[in-house]
Amino acid sequence: MIQYIIRRFLYTIPIWLGVMLITFLLFNMRDPIAIARVHMPQAPEKALHAWVRNNNFHLPLIFNLPGSETMIRADGKAHPEFKDKSIFYSQFFLSIKDMVTFNLGLDKNKKPIADSMKERIWPSLSIMLPAFVLNVILSISIALFSAYYRETTFDISISFVTVFMMSVALPVYLLGANFLFGKFLKLVPVYNHTALPVLIAVLSGIGGNIRFYRTVFLEQMEQDFVRTARSKGVSESRILFRHVLGNSLIPVLTSVVMSLPFLITGSLLLEQFFGIPGMGDMMYTAIVSQDFQVIKVMVYLGSFLYMSGSLLTDLSYRLADPRVSLS
Amino acid sequence: MIKNITLIFFALLTIYLFYLFIKTDNGREAFLKLRSKKRVVAAFLVICIYFLVGFLDQISFQIDNKNKTIIDLIFRGVPQERTYSAPFANRVTGIIPGTENEERNLVKGTHILGTDINGYDVFYSVIKGSGTALILSFGTGLISFPIGILLGILAGYFGGWVDDLIQWLYTTISSIPWLLFVIAFLMVFGRGIFWICMAIGLTSWVELARLVRGETMKLKNLDYITAARAQGIPVARILYRHILPNLNYLIIITFTLSASSVILAESVLTFIGIGVEPGTSSWGVMLVEAQKELTRSPIIWWVFVGSSFIGILPLVLSLNIFGDALRDALDPRVKGKDV
């Protein structure tokens with residue numbers, strides 16, 4: 001078991017490095033002066049160069065090799081090479097160091113990003129957590145019944161409704177529900193209210209989940225042990241909840257754990273639309289104000305959470321089923 | 001003119017590829033199975049109509065020094081009104097009290113979906129939106145399919161370190177949350193249809209590569225491939241002649257399902273403000289407009305209804321239904337969400 005855990009951890013490292021490399025290339029490949037200008041649109045040339053130096057954008061990109069300096073100084077000459085520094089004295093490895101130590105840097109208003117994230121996690125969770133719990137409970141129960149009554153009118157109509165729900169764009173849900181409940185029925189005071197965002201989050205996500213769980217349950221229902229249980233005279237409800245649901249736990253667990261990162265990153269559109277001061281709203285603000293550091297941190301955080309999620313699911317598989325091994 | 005010829009060539013190529021697909025064994029089987037299902041036939045027809053309209057909107061001519069597409073020419077007779085008018089209304093909306101009988105409040109033509117704030121016909125805008133949807137679906141496919149097929153075949157056929165490397169690449173890309181990556185990409189490179197296609201194309205090949213890899217691994221152990229290898233046929237030829245034709249169904253399934261997600265993504269990205277440019281005629285831009293119109297009093301609902309229920313919904317729904325049916329007919333094993 002210990003060996004498995006260690007190997008699984010080691011397996012994550014190259015992928016983590018790959019994520020770092022892709023996000024790094026995406027954000028740091030551009031001309032450093034152009035990056036500086038986005039941060040300080042009106043600043044003179046000299047201030048831009050100073051900004052580049054202060055933010056380490058004048059360092060070599062990936063490796064500090066002879067002749068690999070990337071920046072031209074304000075006076076037009078090349079930066080001297082960093083001969084006395086190690087080969088890892090570069091933008092890439094410095095940003096890795098920052099990310100490992102969770103030194104997330106400052107946003108455009110010079111506020112530490114880590115601080116604003118700490119403030120913004122709770123509003124996001126207050127919407128996403130109830131939505132998530134509702135979504136999982138509802139979709140599992142609907143899918144279970146749909147699979148049990150397969151090929152009946154109930155099942156076929158559920159299938160159609162789920163495809164329909166998956167085909168509606170999120171902005172349409174937002175505008176439609178906002179109009180229906182806020183203006184037409186006058187039920188919910190539209191803004192700063194949790195009920196409507198939660199409802200929309202559930203509606204927009206439930207279609208895909210029901211379909212996924214239904215396939216999982218159907219697979220189990222066709223297994224021999226279900227037939228055996230039925231011929232032994234086990235009650236239908238016991239078959240459904242014990243045999244089918246119990247044996248579907250692994251795929252269900254995967255999809256649950258895999259959606260956990262989105263609880264923290266929140267829903268961008270939803271938070272922007274309803275003015276919820278969460279992580280999604282932070283991201284939206286960053287997009288509007290062209291704050292690349294915040295976006296970079298968000299991309300990194302999202303991937304980090306995703307990778308941790310998949311690590312956790314794999315480890316829990318192993319606990320649940322000792323036959324699982326690394327292929 | 002060159003653009004028109006390229007487009008027509010491209011459309012003919014697409015139809016020819018589809019024809020080739022129907023002629024293969026599993027293609028004909030799927031065709032026969034699906035032909036009896038009314039729902040699927042209807043979905044297929046809807047897709048054809050939307051893409052045909054979108055295609056006609058790309059063929060343009062120089063008339064009076066302006067580029068006019070065929071759709072523009074068809075809608076030439078639809079007049080521009082003064083401002084909003086409801087569907088089939090004979091007067092514009094929001095008439096100042098006391099001027100009810102004035103002639104200038106009358107609309108000049110019939111508008112089945114009304115007109116927007118500038119008096120443009122909403123139905124016409126919805127029709128124009130299908131052109132953008134078509135470009136997005138095919139543009140994304142043009143970028144992601146070559147990458148996905150090539151890397152998938154290489155990983156599946158050669159195995160070993162090639163497989164490890166390609167698996168590492170796509171696991172890495174799929175570890176970055178999709179929407180976050182697309183947003184970051186668009187912020188760095190700028191907005192617009194081209195960059196949306198690039199961003200989504202560069203991330204969505206992963207699914208196809210995964211499927212192609214699995215299928216190739218199965219195929220390469222079949223007898224006829226072994227025989228071909230024993231005859232000394234070059235690897236490139238084996239891949240092209242004997243493996244690639246067997247993957248056609250994966251491509252067509254992935255296309256329908258990825259087209260639907262691209263169209264949905266466009267509306268979300270445009271709504272955030274980093275999708276297509278504001279002047280473009282797309283359903284996402286119309287939804288952004290509709291957000292403003294829904295808060296007006298009296299309420300202007302037809303822009304919203306037009307873009308979402310005449311534009312996005314029928315096409316995406318049909319793509320989903322058709323893609324699912326095709327997948328069930330062709331390959332019951334890949335049923336499920338992870339495609």
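Which handedness does the crossing of H6(A) and H13(B) have? The crossing of these two helices is right-handed, the term for a near helix turned clockwise from the far one by less than a right angle, whereas an anticlockwise turn would be left-handed. The model is predicted, so local features need pLDDT of at least 70 and side-chain atom pairs count only at pLDDT 80 or more, while totals for chains, interfaces and linings use all residues. Residues are numbered from 1 along each chain as its sequence is written, and chains are lettered from A and ligands numbered from 1 in the order in which they are written.

The interface between the chains provides the setting. In chain B, 37 residues are in contact with 38 residues of chain A, contact being defined as C-beta atoms, placed from the backbone, that lie within 7 Å. Helices here are DSSP runs (H or I, at least four residues), numbered from the N terminus. On the chain B side, two or more residues come from each of H6 (160-175), H7 (178-189), H11 (248-272), H12 (283-294) and H13 (302-330). H13(B) gives the most, with nine residues. By class, this side of chain B has 24 nonpolar, ten polar and three charged residues; Ala, Val, Leu, Ile, Met, Phe, Trp, Tyr, Cys and Pro count as nonpolar, Asp, Glu, Lys and Arg as charged, and the others, Gly among them, as polar.

Across the interface, H13(B) meets helix H6 (residues 153-166) of chain A. The two axes come within 9 Å and cross at roughly 130°; axes are lines fitted to C-alpha atoms, for helices over the stretch in contact, and angles run from 0 to 180 degrees between N-to-C directions. H6(A) is therefore oblique to H13(B), the class left over when angles under 35 degrees count as roughly parallel, over 145 as roughly antiparallel and 65 to 115 as roughly perpendicular. A:Val163, A:Phe164 and A:Met166 meet B:Leu317, B:Asn320, B:Ile321 and B:Asp324. These residues divide into five nonpolar, one polar and one charged.

Within chain B, H13(B) also packs with helix H5 (residues 122-158), at an angle of about 35° and with the axes 10 Å apart. H5(B) passes H13(B) in a right-handed crossing. Among the residues making this contact are B:Val122, B:Phe123 and B:Gly129 of H5(B) and B:Trp302, B:Gly306 and B:Leu315 of H13(B). The contact has eight nonpolar, four polar and no charged residues.

Key: Two residues are in contact if their C-beta atoms, placed from the backbone, lie within 7 Å.
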